[in-house]
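Student: I have a new structure to read, and I want to know how each label is earned. Can we go through it together?
Tutor: Yes. Ask for the reasons as we go.

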Amino acid sequence: MDFVLESPFEPAGDQPLAIQNLSERIQNNIKDQILLGVTGSGKTFTMANVIKKVKRPTLVITHNKTLAAQLFNEFKKFFPKNAVEYFVSYYDYYQPESYIVRSDTYIEKDSSVNEKIDRLRHNATASILSRRDVVVVASVSSIYNIGKPDYYMEASLMLSIGQTIRREDILSKLIDMQYERNDFSLGNGMFKVKGEIIEIMPPYFDGEYLRIEMFDDEIENISLFTLIEQERIYRYEEIRIFPAKHYVIPERNLESAIEAIRAEMFERVKFFRDNGRMIEAQRIEQRTRYDLEMIEEFGYCKGIENYSRFFDGRNPGDPPWSLMSYFPEDYLLIIDESHMTVPQLNAMYNGDRSRKQNLIDYGFRLPSAYDNRPLRFEEFEERVNQCIFVSATPGDYEYRKTDKDHISELIVRPTGIVEPEIHVEKTKGQVFRLIEKIREKLKDDLKIIVNTLTKKMSEELTSYLIELDFRVKYLHSEIHTIDRTKILNQMKKDEIDIIIGVNLLREGIDLPEVGLVVIFDGDKEGFLRSERALVQLCGRCARNVEGEVLIFADNMTRSLKNTIETINARREKQIVFNRIHNITPKTIQNTDINMLETYVNIEEDNGEKEIRNIKEARREINTLRYEMKLAASMLEFERAANLRDRIKFLEQIIAENT
């Protein structure tokens, strides 16, 4: 299928030329390009138009989940008829396995998997392997090992109407694909059997399941049913069912892998004993023997990914199989907010290796665990076909990789909004001046972002403003991902007026309600007050006609001076363009309140739960009713009562919000 772009807007401002140049260079096999776009210039819309023109499977990588969710929502709206997928870390909570030498403390891996994100990850790999009209929005976790795509594809099950196949062979194949049999309740990654009917719920299905109807050894029907209503909604002629887990082990590899693991264990035990480290020798032997017993018995063990090199047939040091390995050779890579994303990609390998070193040195893991890792940066580069770096402030790496003739700019905004005016004031009396500016902006129903240099200052300033009856919250790195999104959504829904942050609001967050950005300690040279950082900070109010930047500084540093010159040069170009084309600037209207509603519909907050998506909540009620009846029929009355109470709670919240 072609990419079908749906949008009420046509390319405008600098967009038409950028779309044309980017597309032509891709078609002419130019490897690296830069799209330098100011905040609010329509970079995502430009990328969508390029994807439509070049018709390539596309991977979009960005540096955090929040921005990835925003991009995912935007691309879903642009390409509703195509496969737009989301691939980020599926952990709501993740405590990696580690060993602290100083206190002799071993910390076992602990995690909480978000089932919706897991489903979306499976959606992504299934779409990549089965169609070309696919856009995957991913975080930097996409360069981690997820298993060999050839094995994933090989393990899949192809079924078609009229096919001759024994029912037992289908069931055996599903078990090999790590599906669980459950003849009472059907859930993601499960199947159940009723005579000659097999019902399967792949992990990438949402509220639907497959029903395979057989007569003797022939498939008569393959249908898609809704889980709750039990309605047939589609009939397949053929379908490929992918494994329940990304990491699958071919049976032919199992025996040789087990022998190789056992050989490494003996070698490691000998190493520890030869060096008089009997505790470590016993520890690694006990751990490995237990894992091998589990693998031999069940084909799986906790932490099996640490043995991935043996099952994949890789040599020590060989790169792992990541999401990039699933794409065809001609795919297009877009690195969004590249000035932040590229450094993260570069740093992930060393961070992973340093954590594992203690585990291996002290006998908790075999040395082969090093090879369950993210890609090294040079390995990542080798897997890039063609790339577009997207940023308002590209980094040095991007400029080194890209010919100066292959840089496209989006300076003029389709909305006609020009860069905000920048005012620099002395630090004396800065808090009182801040309060004065806040009150001025609140009269015009505008929102305010305040950037501090430290977490402590953000918290203390928030407390002070709360005492003055301002609606304000702080935001820094210790705030959980979901809570950060909730705070941003509260500003969108006019529940708060001011957000005070350190470094989390610089890139990509779409808040057109913001009319004032205040920057404290603007003259403190460093990462948080570099030219790139300051330009990004100023861009947080560049989606509003009334946007204004107030910087408190006693000295004019080089970064501050360059920032002002850059912003003013862009502002002048935008004003001239508006004058020539008779454009009146208009504030961007943004009605997308819940940026993460696509995969988070309920979240914990002080023991209570909040509905994030009414439609999803109603669907959950139907699921809970089904589970409640099932629990009651199995005499699990306590569980049934808990499910009943949950249903009542959801119904009450829906009533209050509709």
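**Reasons behind the labels**

Tutor: E97, R287, D291 and R365 are linked in a network of salt bridges. Keep in mind that this is a predicted model.

Student: What makes a contact between the side chains of D330 and R132 a salt bridge?
Tutor: The cut-off is 4 Å between a side-chain nitrogen of Lys or Arg and a carboxyl oxygen of Asp or Glu. For D330 and R132, the N to O distance is 2.7 Å. That is within the limit, so the pair counts. D330 lies in the loop between α9 and β17, and R132 in the loop between α4 and β8, so the bridge ties together parts 198 residues apart in sequence.

Student: Why are D330 and R132 called partly exposed?
Tutor: Buried means under 20% relative accessible area, and exposed means over 50%. D330 has 27% relative accessibility, so it is partly exposed. R132 has 39%, so it gets that label too.

Student: How do you know that E296 and R262 form a salt bridge?
Tutor: Their side chains meet at 3.6 Å, N to O. The limit is 4 Å, so the pair passes. E296 sits in helix α8 and R262 in helix α7, 34 residues apart. E296 is partly exposed because its relative accessibility is 46%.

Student: What about D521 and K524: what is the distance in their salt bridge?
Tutor: It is 3.6 Å, N to O. K524 is partly exposed, because its relative accessibility is 42%. By this rule, the count comes to 47 salt bridges.

Student: How do you know that the length of helix α7 agrees with its number of residues?
Tutor: Helix α7 runs over residues 251-274, which makes 24 residues. At 1.5 Å a residue, the expected span is 34 Å. The end C-alpha atoms are 35 Å apart, so the two agree.

Student: Which residues of α7 are buried, and what covers them?
Tutor: The buried residues are N253, A257, I258, I261, E264, M265, R268, V269 and F272. Their cover includes α5, α8, α9 and α10. Just after α7, G276 takes a positive phi of about 70 degrees.

Student: Why is α3 said to be largely enclosed by the rest of the structure?
Tutor: Eleven of its 14 residues are buried, so the description fits. Among them are K65, L67, Q70, F72 and F78. The span of α3 checks out as well: 20 Å is expected, and its end C-alpha atoms are 20 Å apart.

Student: What makes the phi of E337 worth a remark?
Tutor: Most residues other than glycine have a negative phi. Phi of E337 is near 45 degrees, a positive value in a residue other than glycine. E337 is in the loop between β17 and α10. It counts as buried, because its relative accessibility is 5%.

Student: Is D469 buried or exposed?
Tutor: D469 is exposed, because its 70% relative accessibility is over the 50% cut-off. It lies in the loop between α14 and β22. D469 also has a positive phi, of about 70 degrees, although it is not a glycine.

Student: Why is A392 called buried?
Tutor: Its relative accessible area is 7%, so it falls under the 20% limit. A392 is in the loop between β18 and α12. Leaving aside its neighbours within four places in sequence, A392 is in contact with L36, G37, V38, Q536 and R570. The C-alpha atoms of A392 and L35 are separated by 8.2 Å, although the two residues are 357 apart along the chain.

Student: How many disulfides does the whole structure have?
Tutor: A search finds zero. The cysteine C301 is buried, because its relative accessibility is 3%. C387 is buried too, because its relative accessible area is 2%.

Student: Which residues make the nonpolar surface patch of about 290 Å²?
Tutor: F432, Y464 and L468 make it. Y464 is in helix α14. At 32% relative accessibility, Y464 counts as partly exposed, so it also clears the 30% cut-off for patches.

Student: What does the protein come to as a whole?
Tutor: Its secondary structure comes to 19 helices and 27 strands. Of its 658 residues, 53% count as buried.

Notes: Residues numbered from 1 in each chain as written. Predicted model: local features only at pLDDT ≥ 70, side-chain atom pairs only at ≥ 80, totals over all residues. Heavy atoms only, no water. Patch = residues over 30% accessible without salt bridge, like charges linked within 9 Å, V, L, I, M, F, W, Y side chains within 5 Å. Areas by Shrake-Rupley, 256 points an atom, 1.4 Å probe, with all protein chains shown as cover. Helix = DSSP H or I, 4+ residues; strand = E, 2+ residues; numbered from the N terminus. Buried < 20%, exposed > 50% of the residue type's maximum accessible area, 1.4 Å probe, protein only. Expected span 1.5 Å × (residues − 1). Contact = heavy atoms within 4.5 Å. Disulfide = S-S within 2.5 Å.
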